Amino acid sequence: MDTIIANPKTKEEAKAVLDFLKSRKIKVQVYKNPTKEYVLNSLEQGAREVKLYLEGKIKLQNAFDLYNEL
């Protein structure tokens with residue numbers, strides 16, 4: 001099965017594409033681009049966690065343990 005990625009420039013284009021796909025009963029997954037505010041908040045949260053780790057207030061999980069949880 002192929003994956004097709006479309007990047008409509010307007011809301012009208014996006015709606016037209018979605019309507020067409022739905023009319024053909026094609027499974028659709030919509031991913032919204034993260035906003036600047038979301039990205040900045042994520043970076044701030046990461047920086048706070050690093051600070052807490054360096055101060056010894058929290059313990060971070062290593063990548064191997066995280067992988068095993070999946």
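This report describes two helices, three salt bridges and the exposure of selected residues in a predicted model.

The model is predicted, so local features need pLDDT of at least 70 and side-chain atom pairs count only at pLDDT 80 or more, while totals for chains, interfaces and linings use all residues. Residues are numbered from 1 along each chain as its sequence is written, and side-chain values use heavy atoms, with hydrogens and water left out.

**Helix 1**

Helices here are DSSP runs of H or I with at least four residues, numbered from the N terminus. Helix 1 covers residues 11-23. Its expected span is 1.5 Å times one less than its number of residues. For 13 residues this gives 18 Å, and the end C-alpha atoms are 18 Å apart, so the two values agree. Just after helix 1, Lys25 has a positive phi of about 60°.

Val17 lies in helix 1. Val17 is partly exposed because its relative accessibility is 36%; the classes are buried (under 20% relative accessible area), exposed (over 50%) and partly exposed (in between), with a 1.4 Å probe and protein chains only. Ala6 is eleven residues from Val17 along the chain, and their C-alpha atoms are separated by 8.5 Å.

**Salt bridges**

A salt bridge is counted when a side-chain nitrogen of Lys or Arg is within 4 Å of a carboxyl oxygen of Asp or Glu. The count by this rule is three. The table gives the closest N and O atoms of each pair.

| Acidic residue | Basic residue | Closest N and O atoms |
|---|---|---|
| Asp19 | Lys15 | 2.8 Å |
| Glu44 | Arg48 | 3.2 Å |
| Glu55 | Lys57 | 3.4 Å |

Asp19 and Lys15 both belong to helix 1, and because they are four residues apart there, about one helical turn separates them. Asp19 has 39% relative accessibility and therefore counts as partly exposed. Lys15 reaches 52%, so Lys15 counts as exposed.

Glu44 and Arg48 sit in helix 2, which covers residues 36-54. They too are four residues apart, so about one helical turn lies between them. Glu44 is partly exposed, at a relative accessible area of 44%, and Arg48 is also partly exposed, at 43%.

The remaining pair is Glu55 with Lys57. Glu55 is partly exposed, since its relative accessible area is 40%. Lys57, with a relative accessible area of 61%, is exposed.
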